[in-house]
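Me: Please walk me through one pocket and one strand of this model. Keep it brisk.

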Amino acid sequence: MTDDGGNTAYNSHIEGLRQNEFPMLRDEVYLDHAGTTLYAKSLVDKFAADMTSNLFGNPHSASMSSQTSTSRIEDIRLRVLQFFNADPSEFDLVFVANATAGIKLVAEAFRCNPLGFDYLYHQACHTSLVGVREEAASNICLDDAAIDMWLSGDHRSHQFGRHNRPVLFAYPAQSNMDGSRFPLDWSDKSRKSKSASDPPVFTLLDAAALVATSPIDLSNSETAPDFTVLSFYKMFGFPDLGGLIVRRQAAPIFQSRKYFGGGTVDMVVCLREQWHASKTQALHESLEDGTLPVHSIIALDSALDVHRQLFKSMNHVSYHTSFLSQRLHDGLASLRHSNGQPVCAIYSKPSLVSKRLESSLGNGPVVAFNLQNHLGGWVSLIEFEKLAVLKRFHIRTGGLCNPGGIAHSLSLEPWEMKRNFSAGFRCGNENDIMGGRPTGVIRVSLGAMSTISDVDKFIAFIIEFYRTESIPHSTPSTPAPARQDLPNMCVKSITVFPIKSCGGFRIPTGTVWEVKAEGLAWDREWCLVHRGTGQALSQKRHPRMALIRPVIDFSKGQLRVSYQGPSLKRKPPEISVPLSANPSLFQASATSKPMASRVCGEEISAQIYTSSEVNDFFATILGVPCVLARFPPGGLGKSMRHAKAHLQKHQKVNRKTQCKMPCQFPGMNTPPDSDSEPEQQRILLSNESPILAINLSSLEALNRQITDQGGKAVSSEVFRANIAVGPSAPGPESHAYSEDHWSSIRIGQQDFKMLGSCRRCHMICIDQETAEKSEEPFITLTKTRRFDGKVFFGTHMCHIPAQSGTREAQFPTITVGDKVLIDPV
């Protein structure tokens, strides 16, 4: 069964087994097999049966259970070598935690060489291979052409070895970034290109990405790499285990290794003399420090059985994934906006075409690309991930731990990467477009259990959300609503969120509420932080936080908190904490180092509650080890934060004309959020600004768009706004999204400055009453309120203190029903 010539018999075979073997894929599209592939139900069942029918002990013993473990481990070691056609008389397998651990073991051996070593590595190397350079006496990064020159002796790297140091040459069999494959015979050529007087050259092959979907043949020890590293979870999904395959002719390099661990020595002398004798019967005995991960190795036996049972052979997997990768590549490459501009900038070669036309290597089942709008602008990776998560696609984005591959594909010079770092770029942050270029890529990687349906669904997803089918012609600028054109508006609701990401407390009608420099009083003054990491918890990861309902009880001077969700096994009672900041309730910094907490990537100094009753209340509800923390106003240093929201430089507000921004839908030609503001506004634990407001006319327009597509209207609560404003009386005119043009508003006697539109994530898809997730309203907003690749709804603002000595200036307040004036004179 193959997919050659369009034969989909093998694909049908995979479709047939997915329901029973991979039930976790129901309603999910998993496209991150280069990270880890998925484990089959049969594998887990077989492993569980093996574990419950046998007694496995620590191998470092003579007991029956220990000998059972030892015997099974050696059988599996042999079986893995045979899987790669490696003769056990020519190769040995060392079990390690993962491919990186295997790389570190090799690096350690070379580092301990008395003369040190020289290091050459390919530009497509994974970060774990790049890191070896820090241990070398000298190192050079090479591309394909430079490697060919080195092998022929025409590159400056041929000067390596003048100090008689061994040379280690490392490269990937397949790039984990774009799937490019590299010649396996470089190992053989590197040996043959050196004369007898040259220092020895050793090759380190990172085969982790290649062996996940393709066979590798180590039958010829004379041409094979000296060291081959791989990760079994990339091949089988489970167990979490790696391997280092060592060519026995290269084994002497490990004799310089100094460290020894339990189980690797025959004798150790400590008193009066320092001496030890390493085990010499087998190479792996001297390298596997401490007790092996016995149960993970046992699971590898089941993994090999089940993989053969389900997928026949690695050749079948290779043919199948190459076919799917070619289909995906062709589908994405063919997409064009209506003006002819390509939707995707693709960095990977087509799998099958490159194999037929360029070399026998082909390309791995990986497609790395970026998205562009119809004007050629790059689409934010962060925004792409938000939408992909909602549509249940599992994909990797970013730098992919492949700095050389990213730099090559994106044409980033070293000075540009350093400039990006100086400008704030860090691995995992939101700076994904800098200097007009992306800092990472989108990677789709396919595996043995991938199907045609997965590929076609992803292509359809790109078409629906990223291909522009109709581009509006250039038209005169759209005027912002004139002040006199706006209806009479008032405050419809006021809500504060005392505990960040938990439920809101709606201010009762008739209650005046204080406005502070940091925002509304008591808004986001508390948060829940993870006990281990100090990271503030969020509804995005813990939707049940919406069901934690705080109430501010001024009569008792307490913040009362209850849980309004489905009953738990141990239903927690209501808890309360004083509104006053009683120092006795918090962790004393004098007796212990205070926990470093993080909110939105910022390190803050928060006050941690010590009460087990209070902290267990939240931990029980969320099933997460967490504590309550407070971040009161008036702090300094890390006890103070500033707003990030700001208007764009080109955003013109309260003007008769507006700059028309490209948008897929007419009538939504308003600019997005931000660029720079000189004055920093203080905030507590809100994400971006002191106060968030929404216009209920905009919500009404959004809900019409949702219901017109057969969806269910959403509540204003999903936007977690502090203030909701709307027309004082119903009228025929709609002023949806007029807030994009406001520069300031007056609520009652208080003035507020607009700071820019609110950038949205899929947290708005969590129902604040049930904590259930859905696709709306983010999906509709993506189609109607996406500007410059970002999605917006609502507006940030801050209070403008009055200069007079009136009571309103000294104690500013607002209340539900207050009249709202737009851009008051």
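**Pocket and strand**

Reply: About 530 Å³ of space lies in the second largest pocket. A pocket is an open set of points on a 1 Å grid over the protein atoms alone, where a 1.4 Å probe fits, with protein on both sides within 12 Å along at least five of seven lines; lining residues have an atom within 4 Å of a point. The volume is the space filled by probe spheres set on the points, joined across faces, edges and corners. This is a predicted model: local features need pLDDT of at least 70, side-chain atom pairs count only at pLDDT 80 or more, and totals for chains, interfaces and linings use all residues. Residues are numbered from 1 along each chain as its sequence is written, and side-chain values use heavy atoms, without hydrogens and water.

Me: Which residues are closest to the centre of the second largest pocket?

Reply: The lining holds 47 residues. Closest to the centre are Ala34, Gly35, Ala208, Ala209 and Lys234.

Me: Which helix gives the most to that lining?

Reply: Helices (H or I, at least four residues) and strands (E, at least two) are DSSP runs, numbered from the N terminus. Helix 4, helix 8, helix 10 and strand 17 (441–445) each supply at least two lining residues. The top contributor, with five residues, is helix 10.

Me: Is strand 17 enclosed or open?

Reply: Buried means under 20% relative accessible area (1.4 Å probe, protein chains only). Five of the five residues of strand 17 are buried, so strand 17 is largely enclosed.

Me: What is the bridge partner of Val367 in strand 17?

Reply: Strands pair if DSSP finds at least two bridges between them. Strand 12 and strand 17 pair antiparallel over four bridges. There, Val367 has as its partner Val444.

Conventions
Buried < 20%, exposed > 50% of the residue type's maximum accessible area, 1.4 Å probe, protein only.
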